[in-house]
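Welcome, and please open the structure in your viewer. We will go from stop to stop, with something to select at each one.

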Amino acid sequence: ANIAHSGFDLGNGGGIACNFETNDVEITGNMIRGNYAGDQGGGIWDRGVDPGNVIRENIIEGNRCHVAGAGVSLGWGSFLAENLIFGNISDSFGAGVYLFDGVPRIERNTIVDNYNDNSFPHGAGIHIREGSPKIIANIVAGNRGLASSGVGLLCASSKQPVIECNDAWGNEGGDYLCYGACDTTGSKNLSVDPLFCDPQQRDYQLDALSPCGGLDGDCGLIGAFPVACGGTQVRNGTWGRLKAHFR
């Protein structure tokens, strides 16, 4: 666990910080837990520009920030995929993922049980402040906020992000809240129970009956994990080593 702050609202990237000059880096297969940033990115803060960085198959858990992006604060051109992002706490915005600008891709992550310690309706799962990100096939579930204010996916961008094939469900402040040029109505987004195998034991793999399992519709697999209970697994998982941390 690390601390990135010098004063109340200063310091980015408590766990990992990637500034403008840090590009074409892969952050893969890590446990990023228990870090703090006074400003943004309790777990990861990434400002890498084109070609950006790849953040894949990590567990990003129990991190905190004062301003935004307790799990991940991301912008410009990076790729965030197949991560489990849960149990992170932001005092203000984006407890799970905060997108501040640029054209990052956010695909097939499982973003659950994050918390905004703020009574205004901010995105506790994903908060899109600006830019034209692609937000595709993520599960955003059970995120919360002070006084039931934690929205699953909040978008305030004026630059027409792509938001499609996501399942936002059971978020205390509502599943989707869109302003500006944001729209989720015509892009195959869901608000249904993803049917995790055993969320009480932190098993966020999918039941065979899950609407996110990739067997129905045009979206394919939604979220970071495959079907692993109640039937036959639809693809080989890569999470055995990381899941051992939870037992």
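Start in a loop: select Gln160, which sits between strand S22 (151-155) and strand S23 (162-164). Is Gln160 buried or exposed? Its relative accessible area is 59%, so Gln160 is exposed. Look at its backbone as well: phi of Gln160 is near 55°, a positive value in a residue other than glycine. Most residues other than glycine have a negative phi. Keep in mind throughout that this is a predicted model.

Now select Asp24, in the loop between strand S2 (16-18) and strand S3 (26-28). Asp24 is another non-glycine residue with a positive phi, here near 60°. With a relative accessibility of 63%, Asp24 counts as exposed because the cut-off for that word is over 50%.

Next, zoom out and colour the chain by secondary structure. How many helices and strands does the protein chain have? There is one helix, along with 28 strands. Of the 247 residues in the chain, 53% are buried. Take contacts between residues at least 6 apart in sequence: 73% of them join residues at least 24 apart. If you switch on the surface, you are viewing an accessible area of about 10000 Å², with 48% of it belonging to carbon and sulfur atoms.

Let's go inside. In soluble globular proteins, nonpolar side chains tend to be buried together. Select Leu80, Leu99, Ile126, Ile128 and Ile135: these have the most contacts inside the largest nonpolar core, a set of 23 residues. Then highlight strand S10 (72-76), strand S14 (97-102), strand S18 (123-128) and S22, each of which supplies at least two residues of this core. A second core, separate from that one, has 18 residues, among them Val112, Ile136, Tyr204 and Cys212.

Stay with Leu80 and show its surroundings. Which residues does Leu80 touch, leaving aside those up to four places away in sequence? They are Ile55, Val72, Leu74, Ile85, Val97, Arg105, Ile106, Glu107 and Asn109.

For the last stop, select Ala224, in the loop between strand S27 (203-207) and strand S28 (227-229). Unlike the loop residues earlier on the tour, Gln160 and Asp24, Ala224 is buried, because its relative accessibility is 0%. Add Ala81 to the selection and draw a distance between the two C-alpha atoms: they are separated by 7.5 Å, although Ala224 and Ala81 are 143 residues apart along the chain.

Definitions and conventions. Residues are numbered from 1 along each chain as its sequence is written. This is a predicted model: local features need pLDDT of at least 70, side-chain atom pairs count only at pLDDT 80 or more; totals for chains, interfaces and linings use all residues. Side-chain values use heavy atoms; hydrogens and water are left out. Helices (H or I, at least four residues) and strands (E, at least two) are DSSP runs, numbered from the N terminus. Buried means under 20% relative accessible area, exposed over 50%, partly exposed in between (1.4 Å probe, protein chains only). Contact means heavy atoms within 4.5 Å. Accessible areas come from the Shrake-Rupley method with a 1.4 Å probe; for residues, only the protein chains shown count as cover. A nonpolar core is a set of buried Ala, Val, Leu, Ile, Met, Phe, Trp, Tyr and Cys residues joined through side-chain atoms within 4.5 Å.
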